[in-house]
Amino acid sequence: MGPIRRLARARSALGGGARAGAARLVRVPRRSGRPGADRDRSAAAGWEVVTVDRPPEQVLPDGRWPEPLDQLDGVVEVRVRPAPGDRGTELAARPLDGAAAPAGLAAHLVGDDPGLLVRRTLRQVKQRVEAGEVLRADRSALDRRTARG
Amino acid sequence: MRALCWVAADELAVREVPDPELRNERDVIVRVRRSATSGGDLPLLAGRDPLLRAGDVLGAEFLGEVVEAGPAVRRHRIGDRVVVGASVACGGCWYCRRGRHSCCDNGAPDVASVDPDRWRSDAGSFGRPRAAGGFAGGHAEYVRVPYADVGAFRVPDAVDDDRALFAADAAPTGWLAAELGEVRPGDVVAVWGAGAVGQLTAGAATLRGAARVLVVDRYADRLRMAERHAGAEPLDYRRTDVAAELRERSGGRGPDVCVVAVGVPATRSVAERLAGRDVDRPDAVREAVHACRKDGVVVVVGGAEGNVDTFPLGAVTDKRLAVRGSRRPDLRDVPMLLHRMARDELRTEHLATHRLPLEDGPRGYALFRDRADGCVRAVFTP
């Protein structure tokens, strides 16, 4: 097992005026696992993790958090380790205890599951590193032009 | 532009919809020249996917001409005639770098919102619900193709549209089935389903050197096609004891490789739905598991979905079987298949039993769904 690097940056809030005044993160365990195996609701939020098929130095160049993970600076802690079997890098993150929740649109998207924002962010990091871009869905029919230009 | 849209269960319509647009730097826009129905569309047509929305454009198999390209596209130019693989795959993840594009990690947008405990393949698809990570399909005048350098393939001049079209999905799916089955020279291979994928699986098994290929179906015209174009021995399950025939024709051993390419039933009875039976009945899978020789391989391809009842798990363990599956094709085989098409080793145009203008799309799907008038695939021209 390779070395584990913990990269936690604790700040009181997401930072920036738009993020000020946000409510505290509410941890709501997802319903999953075997019957009778309910998670401890007082336990810390779990790690979300992705494996990125690149070495750690490409996932975190110069040890810096890549986009868009850097936007969660202060509200998550990050763990990085080489994946076994030459599979790249295991990149994990979880909300910090006491961190403030995102506000506005981000809060709307996250709902009552802070893990979703972390999971989505990690997936975007993975896409940026492996595919060079974050794949966007087709635009909704509601807001597209109707004639070929 | 005009596109064939799902409206409601068993109801399609050609409608005016917004043009697609470049959304990523690796996208191209393709002006569609041909598109085909496929078995995976039938559950959508029947309204069995709760994520499908009225107005979603169907069509997983298509071919056309590049009319716009994003700034990061390297392999394609405006005017290229391309066939577009049915799996949307990034080309850079662990799976893609090993040729397993159907398992791509980055082929669908926003998979993070999917419950990871039920995580499926993240490869994207055309003509599947947007809410399920799908992209608008090819039954339209234009279509957006993400990761175009990975999923779009220039068609050799020697291959016409009607043949090349099936290099998008049916041919690579059939090739993948034979590969997953590890078909070797001298093998006996049985294929359930004589639709396009079944026929092309049989053809792939023959090309890989199988000694005997048997195809099981009940439609005489499809069985004749499999016999004529894939060199397969037809077995009509309405008139034949399939298990006994397979034993006899494999020297009592059972086929070395059994491939199930029958798709899924398009509808369920009202009684089943009211009883909450949200399961499929895997008759062909069960038959394949029982027929396969010891230590053989059973492959399930195509649109199988959801859960199944009465799966003979005991036979799997008793006979030390390997069971493998794939819903989508890999992309790595498409150039090889186009090359074989150019050399006339692989012919697919006979599968296009009905050629229709896109405006007749609803009728084409009705023919395809009902297997009416000998329909194997309906092919549309915008």
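**Exercise 1. The environment of B:Ala226**

Determine whether B:Ala226 is buried or exposed in this predicted model, and state which residues surround it.

*Solution.*
Step 1. Count the neighbours: B:Ala226 has 29 other C-beta atoms within 10 Å.
Step 2. Apply the cut-off: a residue is buried if 20 or more other C-beta atoms lie within 10 Å of its own. B:Ala226 is therefore buried.
Step 3. Locate the residue: B:Ala226 belongs to helix 6 of chain B, which covers residues 220–230.
Step 4. List the contacts, leaving aside neighbours within four places in sequence: B:Ala226 touches B:Ala194, B:Gln199, B:Ala202, B:Val215, B:Ala232 and B:Pro234.
Step 5. Add a distance: between the C-alpha atoms of B:Ala226 and B:Val216, which lie 10 residues apart along the chain, the separation is 9.8 Å.

**Exercise 2. Strand 13 and its partners**

Identify the strands that are joined to strand 13 of chain B, and describe where its side chains point.

*Solution.*
Step 1. Take one partner: strand 10 (residues 188–192) of chain B runs parallel to strand 13 of chain B, and four bridges join them. Here B:Val189 stands opposite B:Val257.
Step 2. Take the other partner: strand 15 (residues 297–301) of chain B is also parallel to strand 13 of chain B, again with four bridges. In this pairing B:Cys258 stands opposite B:Val298.
Step 3. Assign the directions within strand 13 (residues 257–260) of chain B: B:Val257 and B:Val259 point one way, B:Cys258 and B:Val260 the other way, and all are buried.

**Exercise 3. Packing of helix 7 and helix 9**

Describe how helix 7 and helix 9 of chain B pack.

*Solution.*
Step 1. Choose the descriptors: a packed pair of helices is described by the angle between the axes and the distance between them.
Step 2. Read the values: helix 7 (residues 242–249) and helix 9 (residues 283–291) of chain B pack at about 35°, with axes 10 Å apart. Their crossing is right-handed.
Step 3. Name the contact residues: helix 7 of chain B contributes B:Val242, B:Ala243 and B:Leu246, while helix 9 of chain B contributes B:Glu287, B:His290 and B:Ala291.
Step 4. Classify them: four are nonpolar, one is polar and one is charged.

**Exercise 4. The contact between domains**

State how many residues of each domain of chain B take part in their contact, and characterise the domain 1 side.

*Solution.*
Step 1. Set the bounds: the domain assignment gives domain 1 as 2–169 + 329–381 and domain 2 as 170–326 of chain B.
Step 2. Count: 28 residues of domain 1 are in contact with 26 residues of domain 2 of chain B.
Step 3. Find the contributing helices: helix 1 (41–45) and helix 11 (334–342) of chain B each supply at least two residues of the domain 1 side. Helix 1 of chain B gives the most, with three residues.
Step 4. Classify the domain 1 side: 12 residues are nonpolar, seven polar and nine charged.

Notes:
Residues numbered from 1 in each chain as written. Chains lettered and ligands numbered in written order. Predicted model: local features only at pLDDT ≥ 70, side-chain atom pairs only at ≥ 80, totals over all residues. Buried ≥ 20, exposed ≤ 12 C-beta atoms within 10 Å, placed from the backbone. Pairing = 2+ DSSP bridges. Domains from an automatic or database assignment. Contact = placed C-beta atoms within 7 Å. Nonpolar A, V, L, I, M, F, W, Y, C, P; charged D, E, K, R; others polar. Axes fitted to C-alpha atoms, helices over the stretch in contact; angles between N-to-C directions. Left-handed = near helix turned anticlockwise from the far one by under 90°.
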